[in-house]
Amino acid sequence: VHLVLHRSIRTQITTKVVALSAASAILLGAALVTLIVAVTGQRDAARVAFRSQQALSLANQLEKSLLSIESGLNRYVTTRESRYLGTVTRELADYPAATRRLVRLVSDDAGQQRRMEALSDAIRDYDDFWVKSLIEIVSEDGFEVARSQVETNGGRARLDRVRAQFESLFNRERAVIRARERAAERGSARAIGLGIGGLALVIAIALGFTLYLRRSVLRPVRTVAEATGRLAAGDLSTRVPTEREDELGELARGFNSMADSLERGREQLEVSNAELTRSNAELEQFASVTSHDLQAPLTTISMYAELLERRRGDPGPDDIDLVDGIRGATQQARALIRDLLEYSRAGRGHLDVEEVPAGHVVDQALEALAGAIEESGAQVTVGDLPVVRADSANLCRVFQNLIGNAVKFTGEDTPHVSIDAERDDGHWRFSVRDNGIGMKPDHARRIFEPFQRLHGEEDYPGTGIGLAICERIIDQLGGRIWVSSCPGEGSVFSFTLPAASPAGAESPRVRASA
Amino acid sequence: VRGTPARLLGLLAALVLAVVVAACGGSDDDAASTTDRPAPATGPPIRIGTKNFTEQTILGELYRQALESEGFDVELKTDIGSTEIVHRALKRGALDMYPEYVGVLLSEVADVRSRPRRPAASYELAKRYEKRGGFTLLAQTPFSDSNALAVKPAFARRHRLRTIADLRRLKGTVKIGALAEFRTRFEGLDGLREVYGLTRLMSLTSENRYAALDTGKVDVASVFTTEPQLAGDDYVVLADPRRLFSSGHLAPIVSDRTLATHGPRLQAAIDAVSKKLTTRAMREMNAAVDLRERPPADVAREFLQANSLL
């Protein structure tokens with residue numbers, strides 16, 4: 001039952017659209033048919049008119065030919081010159097064919113056929129009774145007798161009958177032409193009227209349909225679209241009316257339930273976000289407090305170790321080793337705590353973002369690392385570096401970390417480190433390339449996590465916090481950092497920074513913090 | 001709301017149908033659908049011809065109507081022309097039958113100049129002549145419509161005219177109003193010259209010979225004895241002592257082929273009409289058409305009805 005109801009609701013607008021389109025198509029078709037009928041009628045009328053004109057012209061010729069027979073015959077009898085008889089004979093030989101043609105031309109009208117039969121009879125009678133007889137009389141009884149026959153006007157009388165038949169035929173044919181023309185004119189006028197009416201109806205349907213679309217379809221759709229805009233702008237409480245039962249009602253209900261679920265989702269998100277922020281802040285507070293509070297006992301331990309060493313005037317070698325052990329462990333613990341404190345501060349606090357020439361920053365970093373570089377014997381190459389928007393102290397720390405790693409994780413060859421930058425859309429991509437020991441691609445992600453180390457403390461010293469700090473700084477400056485490397489083939493550490501050009505340059509994203 | 005599209009569609013369909021029907025109903029056929037001619041009878045119709053004057057037209061109607069009432073299919077060709085023309089048409093096969101005057105037949109067709117004294121002998125002579133040509137002369141009528149010459153009574157008194165021979169006493173040329181063929185016929189100028197020795201005659205072709213006589217355009221008129229104008233005392237018919245003008249009994253000439261086709265019923269039907277045609281009856285019918293201007297067909301029908309021939 002639900003399915004059936006659903007389908008019937010779905011098809012309401014579709015049904016209207018299909019019905020109106022079909023009606024328009026049928027109306028247009030009907031208008032077309034009407035016009036075709038009218039044009040065909042006109043063409044038929046023209047054909048009939050042409051045929052009738054032909055018939056009229058042929059009948060005229062035939063009548064003339066009969067008149068010339070009669071006058072030829074009269075001249076022959078009067079003048080006794082045989083050339084007139086020749087004319088008569090020629091005309092006599094021709095008229096039956098002309099009569100037959102005429103019969104064929106008028107064969108589409110029963111009345112005209114009857115008239116044509118009567119005409120043919122009259123012509124034949126004229127020929128049989130008069131022309132043939134008169135020619136016989138000339139040859140059998142002589143011209144004088146024939147002339148007295150001509151004077152009886154018998155031929156003229158008979159020919160007059162023929163001409164009366166012609167007249168009747170002509171009149172009727174003209175009437176037929178006129179009637180057909182009138183019928184065709186009426187037909188075409190009616191067809192044009194119907195065609196215009198049909199087109200007007202189609203236009204009316206189209207207008208009505210447009211109004212219907214505006215009122216019943218477009219307006220609700222616009223309402224939904226506007227609501228969608230408000231929704232996108234963040235007003236998740238937006239709802240649309242759902243009283244309609246058709247496809248648009250369905251759309252509205254769909255929209256509302258989507259908005260409901262979005263609103264619910266955002267509420268949940270806000271709750272968990274607040275929780276997250278709070279626990280994050282607590283965690284950092286904890287780290288900061290813990291590291292700070294651990295400093296004091298460590299300082300106390302290291303002080304006591306020194307006092308112990310100083311109080312014993314001559315300690316034995318074993319004692320010295322023990323004291324050194326305490327001092328070393330204490331120093332390591334302090335380094336760890338220092339790094340932890342640094343890491344927890346790195347993501348926080350105020351950034352002093354300005355346009356910084358990256359070359360100067362790299363020079364500062366190299367200066368700070370001068371000892372380590374000299375010790376490793378590394379060759380450092382610095383390319384042309386741009387001006388970027390960054391906080392110069394933090395950026396210096398990043399370079400110091402990356403270059404320091406490059407001169408620390410060296411293989412057997414002479415270490416080479418090169419620092420370059422490339423333009424990449426709105427950013428600069430910096431790279432620090434070395435020919436050191438490299439790493440497995442699987443580890444490329446892990447090394448950016450805090451206190452993650454790939455090697456033992458005794459192989460390569462360090463707490464494993466440097467790259468984690470770098471990532472935090474670059475992230476805060478609105479960039480991204482990653483590494484590509486393979487074991488034994490060196491590593492390329494790359495990071496991006498927004499370009500210093502004012503147009504399109506985004507200011508670095510400042511992380512929300514408690 | 002639910003029913004609206006279906007109703008709308010139905011309405012539009014009806015509208016479209018109306019448009020199409022209206023468009024297709026446009027051509028009204030004005031050709032006549034009925035013919036006024038009955039189904040043709042078996043065989044060709046009997047073609048009856050008549051000569052070119054009133055009496056012949058009436059005769060044609062008489063024979064046509066009588067034959068049609070007997071079930072024959074008849075085609076009547078009136079007003080064909082004079083004997084010279086009509087007889088040739090018959091011989092040529094353009095006609096099957098026409099009524100002819102025995103005397104005219106002998107003098108103008110058979111070229112017999114010395115006619116027997118008795119009408120019956122003339123009839124036999126003519127019949128034999130026609131038989132040779134493949135035609136049959138059916139029974140002749142009681143009436144006789146001969147050629148004659150008539151003058152105004154005053155003119156006759158003034159010149160003491162009684163016979164045709166008396167015309168010789170007239171001085172100068174005598175003008176005769178006649179039909180055109182009179183000029184070249186034996187029972188015309190030829191015979192008048194030959195039999196009566198009248199040489200100073202002039203034939204004036206006149207359609208209305210009596211009017212020409214009345215107005216004095218002509219002195220003498222060539223007349224036919226059944227013409228109704230002769231019934232009173234308005235005109236004097238000149239005697240014909242040398243019998244130039246033969247007896248004017250009429251007999252239908254029918255082709256033997258037609259008689260053979262239609263059998264004795266045809267001849268019986270024709271003879272039945274001929275038998276009733278007296279001089280009085282003929283003159284009466286001529287008067288009805290010529291003087292009272294009644295249609296020949298009506299006059300013929302009334303006569304046939306009166307004589308129980310329809």
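In the predicted model, F399(A) and F495(A) are both buried. These two phenylalanines form an aromatic pair in edge-to-face geometry, with 5.6 Å from centre to centre and 65° between the planes. The pair links distant parts of the chain, since F399(A) belongs to helix α10 (residues 392-408) of chain A and F495(A) to strand β7 (residues 491-498) of chain A, 96 residues apart. A further pair is made by F430(A) and F495(A), and its geometry is stacked, at 5.2 Å centre to centre and with 15° between the planes. Here too distant parts of the chain are linked: F430(A) is in strand β5 (residues 427-434) of chain A, 65 residues apart from F495(A) in strand β7 of chain A. F430(A) has a relative accessibility of 0% and therefore counts as buried. F495(A) is likewise assigned as buried because its relative accessible area is 0%. Taken together, F399(A), F430(A) and F495(A) constitute one aromatic cluster. Over all chains, the search of the whole structure returned 10 aromatic pairs.

The overall composition of chain A was also examined. The secondary structure of chain A amounts to 11 helices and seven strands. Chain A has 514 residues, of which 38% are buried. Among the contacts in chain A with a separation of 6 or more, 73% are between residues 24 or more positions apart. The exposed area of chain A is about 28700 Å², and 55% of this area is supplied by carbon and sulfur atoms.

Helix α1 of chain A, which covers residues 2-79 and contains L35(A), provides several positions for comparison. S24(A) is placed in this helix, α1 of chain A, and its relative accessible area of 16% is under the 20% limit, so S24(A) is classed as buried. When neighbours within four places in sequence are left aside, S24(A) is in contact with V202(A) and I205(A). S52(A) also has its place in helix α1 of chain A. With a relative accessible area of 3%, S52(A) is buried. Not counting residues up to four places away in sequence, S52(A) touches E173(A) and I177(A). L35(A), by contrast, is partly exposed, because its relative accessible area of 37% falls between the limits of 20% and 50%. On the surface, L35(A) joins I192(A) and I196(A) in a nonpolar patch, and the accessible area of these residues together is about 270 Å².

In chain B, strand β10 (residues 250-255) is mostly covered, with six of its six residues buried. The residues of β10(B) point in two directions: L250(B), P252(B) and V254(B) point one way, whereas A251(B), I253(B) and S255(B) point the other way, and all are buried. Strand β3 (residues 97-101) of chain B runs antiparallel to β10(B), and five bridges join the two. Within chain B, M97(B) stands opposite V254(B) of β10(B). Strand β4 (residues 135-137) of chain B also pairs with β10(B) in the antiparallel sense, through three bridges. F135(B) stands opposite S255(B) in β10(B). The positions facing M97(B) and F135(B), namely V254(B) and S255(B), point in opposite ways from β10(B).

Positive backbone phi values were found at two loop positions. N153(A), a residue other than glycine, has a positive phi near 65°. N153(A) lies in the loop of chain A between α4 (143-151) and α5 (154-232). The relative accessibility of N153(A) is 44%, and this residue therefore counts as partly exposed. In chain B, E293(B) has a positive phi of about 55° although it is not a glycine. The loop that holds E293(B) is found between α11 (279-290) and α12 (296-306) of chain B. E293(B) is exposed, because its relative accessible area of 69% is over the limit of 50%.

Methods
Residues numbered from 1 in each chain as written. Chains lettered and ligands numbered in written order. Predicted model: local features only at pLDDT ≥ 70, side-chain atom pairs only at ≥ 80, totals over all residues. Heavy atoms only, no water. Patch = residues over 30% accessible without salt bridge, like charges linked within 9 Å, V, L, I, M, F, W, Y side chains within 5 Å. Areas by Shrake-Rupley, 256 points an atom, 1.4 Å probe, with all protein chains shown as cover. Salt bridge = Lys/Arg side-chain N within 4 Å of Asp/Glu carboxyl O. Helix = DSSP H or I, 4+ residues; strand = E, 2+ residues; numbered from the N terminus. Buried < 20%, exposed > 50% of the residue type's maximum accessible area, 1.4 Å probe, protein only. Contact = heavy atoms within 4.5 Å. Pairing = 2+ DSSP bridges. Phe/Tyr/Trp six-rings, centres within 6.5 Å; stacked < 30°, edge-to-face > 60°.
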